[in-house]
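I opened the model to go through its ligand shell, a few strands and one helix. My notes follow in the order in which I looked things up.

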Amino acid sequence: MDLGLKGKAVIVTGAGSNIGRAITLGFAREGASITLADIDEQQAQAVAALALAAGAAAAETVRCDVTKLDEVQAMFARTVARCGTVDVLVNNVGWDELKFFTQTTPEFWQKIIQVNFVGVLNCTYTALGIMAPKQQGAIVSISSDASRQGEPREAVYGAMKAGVNSFMKTIAKENGRNGIRCNVVCPGVTIPEESEAVGVNSMWVNKDSMFTADQLAQIAKALPLKKVGRPEDVAGAVLFLASNTVAGHVTGQVLSVSGGYSMIG
Ligand SMILES: NC(=O)c1ccc[n+]([C@@H]2O[C@H](COP(=O)([O-])OP(=O)(O)OC[C@H]3O[C@@H](n4cnc5c(N)ncnc54)[C@H](O)[C@@H]3O)[C@@H](O)[C@H]2O)c1
């Protein structure tokens, strides 16, 4: 099915690793013109080469720390210079380390707040300034089922992701009149399948520090679909929500892609 994304100007943050990589390659197969924004330029460049081979109209890597508004604005300006606009923003950057709240520090909270929440504010703020005058755009933010469930060892991360869910609903209400749709995808545990699919900054660079093989098997067993997620599972939902052809009347929604871990509504 043609999702109508061919030639669209798409920004994917954190495009170099795991879920961002799969999202980028998904847009590439649809023929989009993609900006890969990441602090890990080398890893993003490797994904850009794969994106071009997969059919992307363009794949430009821009080194950008989403927690810094000036870097975000410069990254968006590069996309506008190349494409004349930004049609789709995917707020994918996120980071966590699994620790009980009492074992964390204020410095750790600040990093979680900046990367998972302030980065989304910076990118969304900049995107709206470009999309609103054009009266069109789609924003998809990657949250987490930890935002919906309350997840031990993810207290501040889960709270920031819940903030993303709420923020995106308000932005959806404020900007529907401008033709801008805003939605959220909440992955559950989603593991990279190959070591080349993760960058040096990835949460998954040492998979065992996140979950041991035994823990992953336990998680899979507890899920209704009996398997943990693949990055491609999340990418499919993002492409759907980004497409005006198939999701043109969908806004303000939070969609779990987690094998049935949470069932809300
Ligand atoms: N993988 C999971 O199990 C899972 C589960 C729920 C939610 N999520 C969410 O999905 C998203 C992607 O997760 P992932 O597993 O692919 O992550 P990852 O750690 O593998 O990759 C994150 C990417 O973002 C980049 N990055 C980190 N900080 C950045 C910054 N300040 N500015 C720009 N780039 C930065 C990294 O270099 C890396 O390429 C995140 O928002 C995460 O919170 C992941």
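Entry 1, the ligand shell. I sorted the residues around the ligand by class and got 13 nonpolar, 16 polar and three charged residues. This is a predicted model. The shell holds 32 residues, and I noted G14, S17, N18, G94 and S202 as those that come nearest to the ligand. I then asked which elements give two or more residues to this shell, and found α1 (18-29) and α4. Of the elements, α1 gives the most, with three residues.

Entry 2, strand β1. I took residues 9-13 next and checked burial. Five of the five residues of β1 are buried, so the strand is largely enclosed by the rest of the structure. I split the strand by face: A9, I11 and T13 lie on one side, V10 and V12 on the other, and both sides are covered. The split by alternate residues follows the rule that side chains in a regular strand alternate between the two faces of the sheet.

I then looked up the partners of β1. It runs parallel to β2, and five bridges join the two. I found A37 of β2 as the bridge partner of T13. Between these strands the chain passes through α1, and I recorded the β-α-β crossover as right-handed. β1 is also parallel to β4, with three bridges joining them. Here V12 has V90 of β4 as its bridge partner.

Entry 3, strand β5. Is β5 enclosed or open? I counted six of its six residues, 137-142, as buried, so this strand is largely enclosed by the rest of the structure. G137, I139 and S141 are buried on one side, and A138, V140 and I142 are buried on the other.

For pairing, I first checked β4 (residues 88-91), which runs parallel to β5 and is joined to it by four bridges. In this pair I found N91 opposite S141. The connection goes through helix α4 (residues 106-134), and β4, α4 and β5 make a right-handed β-α-β unit. I then checked β6 (residues 180-187), which pairs with β5 in the parallel sense over six bridges. There G137 stands opposite I180.

Entry 4, helix α2. I compared the span of α2 (residues 41-54) with expectation. Its 14 residues reach 20 Å from the first C-alpha to the last, close to the 20 Å expected at 1.5 Å a residue. I listed Q43, A44, V47, A48 and A51 as buried in α2. They cover an arc of only 140° around the axis, which puts them on the same side of the helix. I looked at the face turned away from that buried side and found the exposed residues Q42, A49 and A53 there.

Entry 5, D40. I stepped back to the loop between β2 (33-38) and α2, where D40 lies. Is D40 buried or exposed? I counted 20 other C-beta atoms within 10 Å of D40. The cut-off for buried is 20 or more, so D40 is buried. Last, I looked up D40 against E71: the two are 31 residues apart in sequence and 14 Å apart in space, C-alpha to C-alpha.

Note on methods. Residues numbered from 1 in each chain as written. Predicted model: local features only at pLDDT ≥ 70, side-chain atom pairs only at ≥ 80, totals over all residues. Buried ≥ 20, exposed ≤ 12 C-beta atoms within 10 Å, placed from the backbone. Pairing = 2+ DSSP bridges. Right-handed = clockwise from strand over helix to strand, strands pointing away. Near = placed C-beta within 6 Å. Nonpolar A, V, L, I, M, F, W, Y, C, P; charged D, E, K, R; others polar. Expected span 1.5 Å × (residues − 1). Arc of directions from axis to C-beta.
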